[in-house]
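Me: Please give a close account of one part of this structure: the empty spaces in the protein and the residues that line them. Please state the cut-offs behind each term.

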Amino acid sequence: MLDVQSITKSYTKNPILHNLSFSVMPGEIIGLVGENGAGKSTLLRILATIDKPDNGSISLNNLSYESNRKKVRKTIGYVPQDIAVWEELTVKENMHFFERLSSEAKNDDQLKELCLEMNLEKWNESVKNLSGGMKRKLNIAITLIHNPKLLLLDEPTVGIDLKSKKEIGSYLWKQAKEQKRIIMYTSHDMDEINELCDKVICIGKDSFYEEILSTSGKEIISI
Amino acid sequence: MNDILYTRLLLWKKKVPTMLFWLVFPIVGTCLFITTASTIEEDSRVPIGIVLEDKSELATELINSMEASRLVEVYLYSEQQALYELEKYELDSVFVIHEGFENAILSNKRNKLISSYQTELSFAYSPVKEMIVSLVQEESGRAKAAHFILQMNEEYGNSESFTWNEINEKSKQVQLDENLLNTSFSYSNTNDIVENPSLLSWNTWGIWAIFTLLSTLFLMDWVIREKSMAVTTRFTFIKMTRFNYYLKIILLYFMLFFLFDLISFVVFAIYLNEDFSTGFLFVILTFRIMLCLLMFCLVQCFKKISSFYGFSIMLTLILAVISGAIIPIFPPLNNLMELINPLQAFLNGKLTVLWSIIGLITVALILLRKEKSNA
Ligand SMILES: Nc1ncnc2c1ncn2[C@@H]1O[C@H](COP(=O)(O)OP(=O)(O)OP(=O)(O)O)[C@@H](O)[C@H]1O
Ligand SMILES: [Mg+2]
């Protein structure tokens with residue numbers, strides 16, 4: 001279980017995240033919505049241990065972020081908003097590169113399988129020759145190498161075609177439900193959010209988003 | 001370490017030509033530089049004619065010293081032919097070493113040992129004359145000492161006897177060891193300083209050090225590239241600490257560099273007749289450790305790759321000038337320079353201890369800071 005207790009974060013005087021509390025159960029998919037600059041990426045980075053909150057506490061499966069940072073980190077997968085892959089390497093080389101550095105060993109077949117599940121077939125293609133959508137798929141595939149318990153994705157489906165979007169969506173859904181992973185992701189695609197998420201966290205107490213989402217009958221946590 | 005090697009090889013594979021270029025750059029650069037420099041030096045020697053009437057050892061020795069000075073190209077002619085060549089301006093000047101040269105020297109007669117011819121175009125006449133005079137003085141001093149010992153030997157009937165040559169060689173060795181010969185000769189009209197040939201052998205490694213500095217800097221650019229890349233966020237989630245990760249990469253680069261240093265060592269020994277001494281390997285080793293550490297620190301200060309390249313070239317030029325690798329500096333400054341200039345210890349043929357330690361401490365601090373910001 002991911003438990004967030006009254007965290008606050010500010011870069012300047014105005015706080016971006018203010019006294020935020022929520023908890024997520026294993027197997028749940030959480031959508032993060034909010035306007036540009038609301039602080040979605042900031043929250044994900046904090047949950048990914050990349051940034052630290054100014055106040056408050058976070059724990060994952062009863063491991064506190066404060067005292068067990070290294071251990072917690074091993075169970076987190078983070079897909080950055082920017083595509084974080086080696087442009088000059090091929091898909092295969094990228095997968096092997098990060099497999100070597102990950103705490104979980106996977107063989108060539110397993111890595112290839114991971115890409116295929118994401119519908120990324122160009123195994124030996126150099127990344128710089130891939131389309132934007134394919135790069136996004138690789139961006140996700142790399143993060144899944146070490147089987148994270150908590151998967152945080154920052155706008156993972158931007159620029160991905162509808163068909164692939166659905167494929168990735170159903171893959172993530174499967175991952176959450178079958179592997180009991182916690183998945184949190186941001187998106188500006190409300191249809192996608194509606195279809196996939198169990199709960200929606202709306203950052204910035206934005207009535208605009210709340211109204212749109214209210215029709216779906218999903219649980220909305222407005223913070 | 002295997003994982004780091006594997007992952008680095010993946011990245012290196014993509015830029016083999018560039019990496020190879022910069023790795024062999026110091027070797028090829030130095031060889032080209034030295035070869036070109038010595039060709040130019042060869043071409044710029046002043047041709048002088050020598051008429052050797054005296055066939056004594058002392059006279060032969062004098063000619064050898066003249067040739068060894070690298071200032072002049074000596075042509076042995078008969079007097080008639082020498083003057084003919086001089087008239088055609090094929091020779092700068094002509095010196096005649098008269099019959100009885102050795103005897104005159106040994107009996108302290110200093111007049112009319114050598115006579116000379118010059119033309120209105122003999123621009124190098126005076127410096128060459130000066131050089132010959134000082135060589136004669138050197139040679140004659142030595143010869144007289146040898147002669148004196150031989151005489152004593154004969155007079156007192158010592159059972160161990162030396163030959164003239166043995167004594168001459170020995171006294172030369174003593175002079176060399178005590179650095180008495182390290183005077184420079186200069187042409188008054190060209191400002192060219194030519195060092196004693198025994199010092200020139202250092203220049204190969206001096207020039208190599210400068211080229212290596214540049215190539216090391218350019219090969220460290222990955223630090224800036226990777227710092228600005230989105231992939232770095234992924235390094236938060238790898239199995240090793242950031243401290244270890246970077247330390248291992250530095251180590252790997254160190255090994256790669258040192259491999260090419262060893263190749264330079266062999267190439268220079270074969271191609272440029274450099275000394276093949278194992279002791280010097282340690283000098284190279286410490287120099288390389290220092291370079292890897294310090295350059296890694298330096299590259300941290302940059303965000304933009306273009307400004308880093310510009311800085312690298314500037315730094316290389318500045319150090320080349322103050323190192324005296326290309327322009328020799330005065331020995332008394334050397335100790336001070338070792339404190340200021342990280343290359344100086346190496347140029348003096350010493351182990352680079354001080355700057356290696358400074359590098360080590362700085363790298364440790366930088367990595368600890370990285371580690372902390374990542375925690
Ligand atoms: N390192 C930083 N230093 C200062 N301010 C920052 C920093 N990172 C983010 N911010 C500010 O924090 C606010 C939230 O940024 P964040 O990236 O979390 O927004 P977001 O909700 O992800 O927006 P988007 O939908 O555009 O991705 C923005 O106003 C941004 O300018
Ligand atoms: Mg964002």
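Reply: The account below takes the cavities and then one pocket.

This is a predicted model, in which local features need pLDDT of at least 70, side-chain atom pairs count only at pLDDT 80 or more, and totals for chains, interfaces and linings use all residues. Residues are numbered from 1 along each chain as its sequence is written, chains are lettered from A and ligands numbered from 1 in the order in which they are written, and side-chain values use heavy atoms, with hydrogens and water left out.

A search of the whole structure finds three cavities of 30 Å³ or more. On a 1 Å grid over the protein atoms alone, a cavity is a set of points where a 1.4 Å probe fits but cannot get out, whereas a pocket is an open set with protein on both sides within 12 Å along at least five of seven lines; lining residues have an atom within 4 Å of a point. Grid points are joined across faces, edges and corners, and a volume is the space filled by probe spheres set on the points.

The largest cavity holds about 140 Å³ of space. Its lining includes Gly77(A), Tyr78(A), Phe98(A) and His146(A), and also Arg234(B), Phe237(B) and Ile238(B). Strand 6 (76-79), helix 3 (91-101) and helix 5 (132-143) of chain A each give two or more residues to this lining; helices (H or I, at least four residues) and strands (E, at least two) are DSSP runs, numbered from the N terminus. By class, the lining has seven nonpolar, four polar and one charged residue, where Ala, Val, Leu, Ile, Met, Phe, Trp, Tyr, Cys and Pro count as nonpolar, Asp, Glu, Lys and Arg as charged, and the others, Gly among them, as polar.

The second largest cavity has a volume of about 60 Å³. Pro53(A), Gly56(A), Ser57(A), Ile58(A), Tyr65(A), Glu66(A) and Arg69(A) line this cavity, and strand 4 (residues 55-60) of chain A gives the most, with three residues. The lining divides into three nonpolar, two polar and two charged residues.

Among the pockets, the second largest has a volume of about 560 Å³. It is lined by 18 residues, of which Lys227(B), Arg242(B), Tyr246(B), Lys370(B) and Ser373(B) are the closest to its centre. Helix 9 (222-227), helix 10 (242-271) and helix 15 (354-374) of chain B each supply at least two lining residues; helix 15 of chain B gives the most, with five. The lining of this pocket comprises four nonpolar, seven polar and seven charged residues.
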